[in-house]
Amino acid sequence: MNFIDMTLPEMKEQISLLGEKSFRAKQIYEWINVKNASSWEEMTNLPENLRVKLEAEEPLNTPRERDRQISAVDGTRKYLFEMHDGQFVESVLMKYKHGNTVCISSQVGCRMGCAFCASTIGGLTRNLTAGEMLGQIYAIERDLGERISNVVVMGTGEPLDNYDNLIRFIRMLTDKNGHNISERNVTVSTCGIVPGIRKLKDEDLMINLALSLHAPNDELRKTIMPIARKYSLDEIFQALKEYYSVGRRRLTFEYSLMEGVNDSDECVRELAAKLQNLNCLVNLIPVNPVRERKFTAPDRTAAFAFQKKLENYGINVTIRREMGRDIDGACGQLRKRYLETDNV
Ligand code: SAH
């Protein structure tokens, strides 16, 4: 295992195997997970010969920044990171009044196949490790010079399709000896993998879960999300209710508005019926047009009208503020563009 993926106890074990004193593990753990160090060289309280030895024997798999776009409109930053094996992932920093939120990727590519999403076009290449997920956050903090308060796992990939690494990532991110981000400030977004939601319930983590709903019934959902053929909305809702029965906050549903697909009045009615009596928030996302995909977003007036109609049923609805509209907006687009050109 690479040092960036190790918990403190694991690091202690590894350090003793290398014949070093145990307190070195704590120092290294802090350099990586608190001080955002990206190289052995930076760890100045380690003896020089140890740094040289570690550099030779245990190279750090820290993600390296390869490209960055900064929105002139709202300061949103989109990053392209290269992994140690040459794979690329994207992350986004969003600046809100209440703090800095980072949206990270959980996989290189994705195998869920949602019809409107750019991240899934080339399929899944591999899972990201816990350290590669953490590394995206640490690199952004380093670049920004400010602390990140909120983390959303809403970039490329299906987090519950990379379950063990996701849990390791969350435990390390929220570790008191590490970055110590509050569990309540972490949100995981899923397309609805029922066994994953059930397992997550038993982890005793107070993180928020968001469901990518996008359709009010299975029939329509199946036409845009292949995963809907495997798990019905009834099963998903049952698992979500159980998840939220143990002291967690309200449910969030993401609903990407696609003109002529899921924005009809009938959809509003069905959605309202489905969400009745649930403590939930619907987050409407006007679909980000992707070149290879045929979907378009309804105009602003129509999106507001959809919101209003849903609100009239007593449902909490927000329209996601379009952040960084002037930079490659949709998930996976910066990475795709980069892979298509020859500057890799
Ligand atoms: N696999 C996770 C994370 C995906 S990305 C999930 O399915 O939730 C986060 C959100 O963006 C998801 O709700 C996803 O469906 C949505 N999304 C993907 N492509 C989009 C696009 N082109 N426009 C709008 N939303 C999109």
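User: Happy to start with the ligand in this predicted model. Which strands each supply at least two residues of the shell around the ligand?

Analyst: Good place to begin! At least two shell residues come from each of β8 (186-190) and β10 (251-257). In total, 19 residues surround the ligand, and E158, S189, S212, H214 and N288 are the closest.

User: How many nonpolar, polar and charged residues does that shell have?

Analyst: By class, the shell has nine nonpolar residues, eight polar ones and two charged ones.

User: And how do I read the polar contacts? Which atoms lie 2.5 Å apart?

Analyst: Look for pairs of N or O atoms within 3.5 Å. Here, a polar side-chain atom of S189 and an oxygen atom of the ligand are 2.5 Å apart. The backbone also takes part: an N or O backbone atom of T190 lies 3.3 Å from a ligand oxygen, and one of C191 lies 3.4 Å from a ligand oxygen. As for cover, the ligand on its own has 530 Å² of accessible area, and the protein covers 94% of that.

User: Let's move to the domains. Where do they lie in the chain?

Analyst: The domain assignment gives domain 1 (3-57) and domain 2 (64-342). Their centres, taken over C-alpha atoms, are 33 Å apart.

User: How many residues are in contact between domain 1 and domain 2, and what area is buried there?

Analyst: Contact here means heavy atoms within 4.5 Å. On that basis, 15 residues of domain 1 touch 15 residues of domain 2. About 1200 Å² is buried between the two domains, with carbon and sulfur atoms giving 43% of it. On the domain 1 side, D5, N33 and N36 supply 43% of the area which that domain buries against domain 2, more than any other three residues.

Methods
Residues numbered from 1 in each chain as written. Predicted model: local features only at pLDDT ≥ 70, side-chain atom pairs only at ≥ 80, totals over all residues. Heavy atoms only, no water. Near = heavy atom within 4 Å. Polar contact = N/O pair within 3.5 Å; in protein donor to acceptor, adjacent residues only side chain to side chain. Areas by Shrake-Rupley, 256 points an atom, 1.4 Å probe, with all protein chains shown as cover. Helix = DSSP H or I, 4+ residues; strand = E, 2+ residues; numbered from the N terminus. Nonpolar A, V, L, I, M, F, W, Y, C, P; charged D, E, K, R; others polar. Domains from an automatic or database assignment. Buried area = accessible area lost by both parts, 1.4 Å probe.
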